[in-house]
Amino acid sequence: MTSNPRRILVGVAGGIAAYKACHLIRDFKEHGDDVSVVPTEAALNFVGAATFEALSGNPVSTTVFDAVDDVQHVALGQQADAVVIAPATADLIARLAGGRADDLLTASVLVATCPIVVVPAMHTEMWLNPATQDNVATLRRRGITVMEPAHGRLTGKDTGAGRLPEPGQIAEFARTVLAGHPVPFDWKGRKVVVSAGGTQENLDPVRYIGNRSSGRQGFALAELAAQRGADVTIVAGNTEEIPVPSGATIVRVTSTRDMEKAMNESAADADVVIMAAAVADYRPATVAGSKMKKGAADEQLAQLELVENPDILKGLVARRDGGELKKDAVIVGFAAETGDANTSVLEYAQQKFKKKGCDVLMANEVGEGKVFGQSTSAGWILRRNAEPLEVAHGSKQVVAAQILDAVNEKLAK
């Protein structure tokens with residue numbers, strides 16, 4: 001929750017996805033934000049003003065002729081710390097691109113100098129129409145952030161691009177932009193492969209060796225890479241129920257060797273390869289064919305023999321240097337470390353960075369209640385021939401934005 005309430009203006013256009021704005025408003029409110037809702041007249045055909053007022057705690061208006069004495073059509077936009085429009089229909093996007101001010105929402109956007117996030121929702125044909133794409137490009141050129149729509153079930157029997165992302169995704173994306181990390185649409189035509197989650201090594205058909213990784217950091221990286229326009233593949237081990245980023249391909253795996261195979265296949269033509277997964281370094285030398293019974297398995301477990309798993313990150317670097325991947329592919333690794341009396345987390349990470357040979361490495365201090373399974377992270381970004389970049393404690397998407405910015409510096413060279 002924010003210490004000082006931020007003023008969030010939530011715009012709602014007239015589409016069937018308007019009901020999701022209710023959940024978005026609640027998300028912002030639960031984070032301590034002061035929310036004002038400005039729907040279009042058409043939006044009120046889907047969700048009534050009373051609902052928006054009850055959820056936001058502020059009065060709702062659609063016209064510039066309300067609260068004229070307070071110059072509301074100027075004040076709302078001037079006072080906002082962020083404007084988030086979800087859903088944004090093709091019609092509203094066209095009016096925004098044209099600089100119209102024919103209702104309270106468009107007038108508020110014209111005077112706003114804060115970050116503006118527009119989240120489209122419409123049928124696939126409308127989204128892909130050259131007129132809409134030109135209007136979206138115009139908004140982006142003017143500094144407005146346009147979130148790529150999700151793929152999925154639309155109104156009626158249609159399925160495709162144009163679905164409104166889930167409210168939690170929109171809110172987290174908006175908070176990332178508001179935290180000073182804009183998400184440019186500059187990776188169109190790039191291919192990005194991200195591993196996420198933990199791997200599992202079977203002891204028997206029931207039990208396995210694993211770790212506490214949730215996959216959130218990997219999915220946050222995939223989400224922002226997709227929002228930058230990249231073609232994204234996620235190779236996912238054991239993860240929480242996390243929404244798949246718009247248009248991303250997901251490959252599910254179980255063991256470290258499964259992940260190695262999938263990463264090698266997916267990364268063959270990738271521009272960026274990110275090993276964010278928390279892989280198991282060791283696996284049992286043998287796997288029992290049936291469940292080991294309590295008591296009978298005590299001796300077997302006491303003498304459990306482990307063998308080393310392949311080092312996927314180091315292998316990817318070797319494949320690139322050997323010409324099996326793109327020669328200019330940027331490879332990113334992660335170091336989950338704990339310090340000790342003699343060596344700090346950062347020092348251990350720097351040793352690993354040198355050993356692995358990747359281009360960028362994110363170092364985290366892990367432990368009880370740190371990073372794994374959490375919604376936040378912190379640490380250092382290590383880059384070749386550069387000082388460590390300290391990453392302040394923040395959401396995993398804010399951390400992901402900084403990692404991708406470091407990657408972009410490498411792509412630009």
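## Exercises on a predicted model

Five of the six residues of β2 are buried, so this strand is largely enclosed by the rest of the structure. The exercises below concern a predicted model.

**Exercise 1. Determine the strand order of the open five-stranded sheet and identify its edges.**

Solution.
- Step 1. Begin with β1 (residues 7-12), which is joined to β2 by six bridges, the two strands running parallel. Within this pairing, Leu-9 is opposite Ser-36 of β2.
- Step 2. Turn to β4 (residues 116-120), which pairs with β5 in the parallel sense through two bridges. Here Val-117 has Thr-145 of β5 as its bridge partner.
- Step 3. Assemble the open sheet: its five strands follow the order β2-β1-β3-β4-β5, and the pairing is parallel.
- Step 4. Read off the edges. β2 (34-39) and β5 (145-146) each have a single partner strand, so one side of each lacks a neighbour in the sheet.
- Step 5. Set the edge position of β2 beside its burial: five of its six residues are buried, so the strand is largely enclosed by the rest of the structure.

**Exercise 2. Establish which residues make the nonpolar surface patch of about 270 Å², and classify Leu-304 by accessibility.**

Solution.
- Step 1. The patch is made by Tyr-282, Leu-304 and Leu-306.
- Step 2. Locate Leu-304: this residue belongs to the loop between α11 (298-302) and β15 (306-308).
- Step 3. Apply the cut-offs: buried means under 20% relative accessible area, and exposed means over 50%. Leu-304 has a relative accessibility of 36% and therefore counts as partly exposed.

**Exercise 3. Assess how compact the protein chain is for its length of 413 residues.**

Solution.
- Step 1. Take the inventory of secondary structure: the protein chain contains 14 helices and 19 strands.
- Step 2. Compare the radius of gyration with the globule rule. The value of 24 Å is close to the 22 Å that the rule gives for 413 residues, so the chain is as compact as a globular protein of that length.
- Step 3. Consider the overall dimensions: the C-alpha trace spans about 80 × 50 × 50 Å along its principal axes.
- Step 4. Examine burial and surface. Buried residues account for 52% of the 413 residues. The accessible surface of the chain is about 19100 Å², and carbon and sulfur atoms contribute 48% of that area.
- Step 5. Examine contacts in the chain between residues at least 6 apart in sequence: 69% of these join residues at least 24 apart.

How values were computed: Residues are numbered from 1 along each chain as its sequence is written. This is a predicted model: local features need pLDDT of at least 70, side-chain atom pairs count only at pLDDT 80 or more; totals for chains, interfaces and linings use all residues. Side-chain values use heavy atoms; hydrogens and water are left out. Two strands pair if DSSP finds at least two bridges between them. Helices (H or I, at least four residues) and strands (E, at least two) are DSSP runs, numbered from the N terminus. Patches are made of residues with over 30% relative accessible area and no salt bridge: like charges are joined within 9 Å, nonpolar side chains (Val, Leu, Ile, Met, Phe, Trp, Tyr) within 5 Å. Accessible areas come from the Shrake-Rupley method with a 1.4 Å probe; for residues, only the protein chains shown count as cover. A salt bridge is a side-chain nitrogen of Lys or Arg within 4 Å of a carboxyl oxygen of Asp or Glu. Buried means under 20% relative accessible area, exposed over 50%, partly exposed in between (1.4 Å probe, protein chains only). The radius of gyration is taken over C-alpha atoms; the globule rule is 2.2 Å times the number of residues to the power 0.38. Contact means heavy atoms within 4.5 Å.
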